[in-house]
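This report describes charged and nonpolar features of one protein chain. The structure comes first, and the description follows.

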Amino acid sequence: MATGQDRANVVASGFLTLLASQIGTRLVTFIINLLIARHLSPEAYGLSSVQFHLLTTTALFISREGFRRGCLRFGGADADGADKDHSSDADSSRAKDAKKGAAGTGSKDSSSKHGSGIDNRAVLRVAWLVVPLGVVVTAAVCGLAIWRHDVAVAAAGAGGYTATAGSAGGDAGHVAVPYYREAVLLHGLAALVELAAEPFYILASVHLMFGARVGVEFASTLVKSLVTLGLLSLPSLAPALLRRLGLALEGAAAPAGSAATAAGLPPALVFSAAQLALAAVALVGYGVVGWRLLRADKRTGARSWLSRWTPQELRVLGTSAVFTLQAVEKLALAEGSKVVLATMQSAVNQGVYGLVSNLGSLVVRTLFQPLEEAAFAAFSAWGAEASPATATAAAPAAGTGVQGSAGGVAAAAGGKEEQARAKAVEAEAAQRRLAPLAAALGPMVKAVCVLGLAAAAFGPAYAYTLLRLVYGTRWSETEAPAVLAAYSVYVLLLSLNGIGEAFVHAVLDARGLQASNALLLLFTAVHLAACVGLVGRLGALGLVAADGANMVLRIAYSAWCIRRFFRPLPSFSLRRDLLPSATTLAAFAIAACASGVSNYVFLVAPGTDGSTPQRLFLRRVAPHVAVAFGLLAVVSGVMLRAERATLRQVVEMRRRRGREGEPGVATTTSKKED
């Protein structure tokens, strides 16, 4: 059975694997999406990044998130001992397989070390339920989207006008989007195709196959971006083919002033085709991964696909159901603000927020998400082992209590001594069990906090510069710079909340998850109320403010849960163990002030705006950017001195991971665990 330190090593290895993929993927897709944004108006960009994003995210997140998290419990203690309910022969076989896996090289993939005792059929028997649930959820979401659009257009028509997708003002709900119904149905089909691959994705996650996931995610994201760019560029690349498509669409041509691409293809259909391409690649990729895992499964005494469900499978199914309910609440928290934006704001404001959220969350998706996924996968398996270990440790204390009450005064005194010794043993066992987890969690929280601090310190002063250089005056002269500045501070809150919730949800039991769900429901209500009040007054900027208030509440709850979880560890401190040093915090605060002064001196005071010639703008912005590089160098030097202990801890985790990949070390570890 893997120890807490083993989990930390898996986190370090898995995070670096996912990080390398995310950097490569985001770098390529960022360049492609930059070209896409230059082809689209803010209205069309909002259609993709807000409305269709809500449609796809809602269908997929509700259908699969609970199973993604719940099925990771197959990788915990149950993977080594739950099959005792079925067959002692299967247990013996699994123990032999585990020893063979530990004695092998074990360095090619995380699954070779941690997946040897996993019953693939048991995982798939639970995971396939994603598909029927997804059919129901996707049908409901698509039907609701079409109904809402038709009602809004009918109401606008009754008022004597019909806005088009190119209208800059008015309620976004009154916009008549060309081919909206067809696009919604195609997005629903893409969601079902992607959900068909989900059981194999879950199987790969249970085996901690980060490398396989990296390849599939990179390929699918790249194909989606290339298809979008190719279809948007189609008029210049293939005029003859576009003319044929134009003839096919001639009977239902987009209305004048719509946000269709030049010469004909409506953006709604372009986005739908790209989403279908992503789903197809994901299905093929994860299908191959799942087939390889099933083919390599040499377990003896495996159950039939149609046999009765085991207690382990029922426990995982119950946990998945709890996580699914929690996913609904988290979706409302994460995307409820976009629903308010799509309902109350114009298509232009939707596009501005869509661009800023995609650009601002680039750091979140590239750096934070891989670490959260790797941490949740490793800590979920550890959380499944925590309850049995705690119960075993508590057993001696219970026995001594009964024994003490049965004797006389002398026996009672002896019983008290036994109780004290038992409590001391229990406390020592708890500290041994929790110390590696605290040692692993600390560097992760500090790492994401440093990245969030960098975004908060430099983002507000360089938001306008970034938008002007990358996207041009078409976007820099809108509300986008102010929204991006606020979003930069919001990234700091996202960083702290993401890793905190990943750890808390991984180690909570079913009762704790239910309590968490109840609080998330309360946070959802507060968040939506803040969205309605702030979006109406401040637009997209109010949306970021409401999201920030929501993050503060969730961070506070996660911090309380983490402190309570590590309560048996007296040396643990939230401030000392999870946050950067005071020197690092002061360095970032000074850098934020200095970058703000630089922005005022070089850009604001000279009156830089959209009318400023590009050559003059570049001359003004050059020293401003140079200041940023200088400040980054100074802050990095300060951190290297102030965070030496954390850096040594990370290096040691990587070295231990490398030693465990050697055959001799793996064999020794296996013997110790036996």
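## Charge and surface in a predicted model

Arginine 563 has a relative accessible area of 33%, so this residue counts as partly exposed. The model is a predicted one. Arginine 563 sits in helix α21, which spans residues 540–565. Together with Arg511, Arg564 and Arg567, Arg563 forms a positive surface patch.

A nonpolar patch of about 400 Å² is also present on the surface, made by Leu27, Val28, Ile31, Leu35 and Phe218. Helix α1 (residues 4–39) supplies the largest share of this patch, four residues. Valine 28 belongs to helix α1, and this residue is partly exposed, with a relative accessible area of 32%.

For the chain as a whole, 26 helices and two strands make up the secondary structure. Of the 674 residues, 50% are buried. The accessible surface comes to about 29100 Å², and carbon and sulfur atoms account for 66% of that area. Among contacts between residues at least 6 apart in sequence, 86% join residues at least 24 apart.

The salt bridges number eight. Among them are the following pairs.

| Positive residue | Negative residue | Closest N and O atoms |
|---|---|---|
| Arginine 69 | Glutamate 65 | 2.8 Å |
| Arginine 68 | Glutamate 198 | 2.5 Å |
| Arginine 554 | Glutamate 501 | 2.8 Å |

Glutamate 65 and arginine 69 are both in helix α2 (residues 42–70), four residues apart, about one turn of the helix. Glutamate 65 is buried at a relative accessible area of 12%, and arginine 69 is buried at 15%. Arginine 68 is in helix α2 and glutamate 198 in helix α9 (residues 198–206), so their salt bridge ties together parts 130 residues apart in sequence. Glutamate 198 is buried, with 2% relative accessibility.

Arginine 554 lies in helix α21 and glutamate 501 in helix α19 (residues 480–507), so this pair ties together parts 53 residues apart in sequence. Arginine 554 is buried, with a relative accessible area of 6%, and glutamate 501 is buried at 7%. Elsewhere, salt bridges with shared partners join Arg64, Arg68, Glu194 and Glu198 into one network.

Which side chain of opposite charge is nearest to lysine 446? This is glutamate 643, 4.5 Å away. A salt bridge requires a nitrogen-to-oxygen distance within 4 Å, and lysine 446 has none although buried. Lysine 446 is located in helix α17 (residues 409–470). Beyond residues up to four places away in sequence, lysine 446 touches Arg576, Asp577, Leu578, Leu579, Pro580, Glu643 and Thr646.

Methods
Residues are numbered from 1 along each chain as its sequence is written. This is a predicted model: local features need pLDDT of at least 70, side-chain atom pairs count only at pLDDT 80 or more; totals for chains, interfaces and linings use all residues. Side-chain values use heavy atoms; hydrogens and water are left out. Patches are made of residues with over 30% relative accessible area and no salt bridge: like charges are joined within 9 Å, nonpolar side chains (Val, Leu, Ile, Met, Phe, Trp, Tyr) within 5 Å. Accessible areas come from the Shrake-Rupley method with a 1.4 Å probe; for residues, only the protein chains shown count as cover. Lys and Arg count as positive and Asp and Glu as negative; His and the chain ends are not counted. The place of a charge is taken as NZ of Lys, CZ of Arg, CG of Asp or CD of Glu. Buried means under 20% relative accessible area, exposed over 50%, partly exposed in between (1.4 Å probe, protein chains only). Contact means heavy atoms within 4.5 Å.
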